[in-house]
Each structure stands twice: as structure tokens, then as C-alpha cells.
Amino acid sequence: MGKFAKILLLSVCVGFLAVKWTEPTFDAESLKGARVLVTGASTGIGEQLAYHYARFGAQIVITARREKVLQQVAEKCKNLGAQQALYIAADMGNDSDPDKVVDFALERFGGLDYLVLNHIGPVPFGMWEGDVEHVRWLMKVNFFSYVQMAWRALDSLEQSRGSLIIVSSLLGKLSSPFVAPYSSTKSALNGFFGSLFHELSIKKSNMSITICTLGVIDTETAMAKIGDLTIIPAYPASDAALNIITGGAKRAAEIYYPWPTFIATISKDWFPSVTNFFIQHAIKYDP
């Protein structure tokens, strides 16, 4: 490793440690009784988010498409310590369902302290073959419904000094082959809510926005698609969920999990050729 590269790496490490050293500490008690809405909560990261919030004693509304599974998750949340665990089935591809879910939570709780947007639509893994309608539909589910729900909850989060948590992906910052529609929706999330973060800061808003950049997580869906194809290690969904929750509770502007995702996001600007080579060879897939 050259002298410049060593200095650069050391600078990144020092900067990372400095940020970690000065950031606020996590107060678990602050989540006790908190009014939380979690989307995409029937499986994967969303399910783990619900369980962690339950252990912290929060009041939870969970939503996804499958009502029977939601009922089971809500029951487990009650057993884990949630003060309340309610559910409402919804399809985020439906024009009215995003508003319906937020209204349900507001009516039941009288307000919200945390809105955690985590849901995604199904995405095929492979070369894009011109299915524009699928891209349009996926943008509606993965992006427009987020915007719709955020706007619906904005006043309540402002009044409660609440937090809007956006679960995004490294693929929204670092494009990868075989997931073009998915990557485009995550890029849109980063752009829109990154801009909204600045607007709220300028107007000295009471609410916070946390954008979560996640790497490969060992959800059932992800592992079924790329588990045998990628050389990138998968990290536990439960740990990802806990990092999302603590980041939102500390009102962090961004979180990265696992930590190498942060290095990956800056490597594309510092070492574009190396980064592109790695991206194109990290997945053992022959289209």
C-alpha cells in the first residue's frame, strides 16, 4: 500500500472515530411508550424492527400486505413487551393505502413519534429487459408511497418532535448490475429525503430525518436471490434493525450498516476504476 493510500485510509478512520465519539448516546428509556409506525413489518428487517421496538416498550402499528402474518407478528410484539401492538394490512401500490395506514396510526395513538418507512416491492434479479411498467410500479411502491406517507405524518411528527426514518440501501448510492429498477428507487429516496432534511433544518423544524444505508442483509428474500451468487458477506437483519432504531432515536442524519458500506460510498469517488471492477465481479452471475 502506497504512502498516500495509507494516509487517506488513516484519515477516514480518524474521521469515522471522531464522529462516533461525539455523537449522542442512545437512551433506551426514550422509546418506552413511543408511538411508532413500521412499514414492511411482516418479514425481514421490518419484522425485526417491530420486535426491537416491542422490547423497548413502545406502542407499535405495523403494516404489510399479509394480514395473517401481521397478526402473528403483532402477537409476538405484545409478548415481548410492547405497550400496544396493532396492525393494518395495506398494499403500497394502491393510491389510497399509504394515507390509510398513517391515518389509522394517528387515530389510534393520537399522534406519532416515529415513522419508519421500510417496505419494498418484489424485484426480479437479472438484466433489465425493458419492462418500463414494472419500473413505474416499483417507483410507486418504493418511492412515491414513502413521500405520500411522510407528508401525511409531517404535522404530527413536527408536533411531537418526532423522527422520520427512511430505510434505504447502498445500491441507492452505489449502482450495481442486475438490480436497475430497485437501485433507481433507492436513489430517488436518497435524493428526495436528503433534500427534505436540508429544508427542515433551514426552517428549524422540530422533527428529524434519518436515512439508513444498508449493505447486504440476511433476509429470506435477499438470500433467496443472491445468497449463492455474491462474495459480499450478509449481516443479520436483527442487528440492522437495532442500528436503524438507535440511529433514529439519536436523530442521526445518516447511518450506515454494516460499517464497510460507508467506505464503499466514498471509494467510488476516490477510486472509481477499482470500485467499478469490484462491483462487476462481486456477483457470480452469468446472464
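**View 1. Glu-133 is exposed, with a relative accessibility of 54%.** Here, exposed means over 50% relative accessible area, buried means under 20%, and partly exposed lies in between (1.4 Å probe, protein chains only). A quick note before you zoom in: this is a predicted model, in which local features need pLDDT of at least 70 and side-chain atom pairs count only at pLDDT 80 or more, while totals for chains, interfaces and linings use all residues. Residues are numbered from 1 along each chain as its sequence is written, and side-chain values use heavy atoms, with hydrogens and water left out. Glu-133 makes a salt bridge with Arg-136, and their closest N and O atoms are 2.4 Å apart. A salt bridge is a side-chain nitrogen of Lys or Arg within 4 Å of a carboxyl oxygen of Asp or Glu. Glu-133 and Arg-136 are 3 residues apart in helix α5, so about one helical turn separates them. Helices (H or I, at least four residues) and strands (E, at least two) are DSSP runs, numbered from the N terminus.

**View 2. A salt bridge links Asp-103 and Arg-152.** The N to O distance in this pair is 2.8 Å. Asp-103 belongs to helix α4 and Arg-152 to helix α5 (residues 132-159), so the contact ties together parts that are 49 residues apart in sequence. Both ends are partly exposed: Asp-103 has 22% relative accessibility, and Arg-152 has 39%. Look for Asp-99 as well, since salt bridges with shared partners join Asp-99, Asp-103 and Arg-152 into one network.

**View 3. Arg-35 and Asp-113 form a salt bridge.** The structure holds 7 salt bridges, and in this one the closest N and O atoms are 3.0 Å apart. Arg-35 sits in strand β1 (residues 35-39), whereas Asp-113 sits in the loop between α4 (97-109) and β4 (114-117), so the pair ties together parts that are 78 residues apart in sequence. Both Arg-35 and Asp-113 are buried.

**View 4. His-134 in helix α5 touches several prolines.** With 17% relative accessibility, His-134 counts as buried. Leaving out residues up to four places away in sequence, the contacts of His-134 are Pro-122, Val-123, Pro-124 and Pro-181. Contact means heavy atoms within 4.5 Å.

**View 5. Strand β5 is mostly covered, with 7 of its 7 residues buried.** In a regular strand the side chains alternate between the two faces of the sheet. On β5, Ser-163, Ile-165, Val-167 and Ser-169 point one way, Leu-164, Ile-166 and Ser-168 point the other way, and all are buried. β5 pairs with β4 in the parallel sense over 4 bridges; two strands pair if DSSP finds at least two bridges between them. To find your place along this pair, start from Leu-115, which stands opposite Leu-164 in β5. β4, α5 and β5 together make a right-handed β-α-β unit. Right-handed means that, with the strands pointing away from the viewer, the path from the first strand over the helix to the second runs clockwise.

**View 6. Strand β6 (residues 208-214) pairs with β5 and with β7.** β5 (residues 163-169) and β6 are parallel and share 7 bridges. Ser-163 stands opposite Ser-208 in β6, and Ser-168 has Thr-213 as its bridge partner in β6. β5, helix α6 (residues 180-202) and β6 form a right-handed β-α-β unit. Strand β7 (residues 254-257) also runs parallel to β6, with 4 bridges between them, and Glu-254 in β7 is the bridge partner of Ile-211. Of the residues in β6, 7 of 7 are buried. One side carries Ser-208, Thr-210, Cys-212 and Leu-214, and the other carries Ile-209, Ile-211 and Thr-213.

**View 7. Ile-231, Ile-232 and Phe-278 make a nonpolar surface patch of about 270 Å².** Patches are made of residues with over 30% relative accessible area and no salt bridge, with like charges joined within 9 Å and nonpolar side chains (Val, Leu, Ile, Met, Phe, Trp, Tyr) within 5 Å. Accessible areas come from the Shrake-Rupley method with a 1.4 Å probe, and for residues only the protein chains shown count as cover. Ile-232 lies in the loop between α7 (220-226) and α8 (237-249) and is partly exposed, at 32% relative accessibility.
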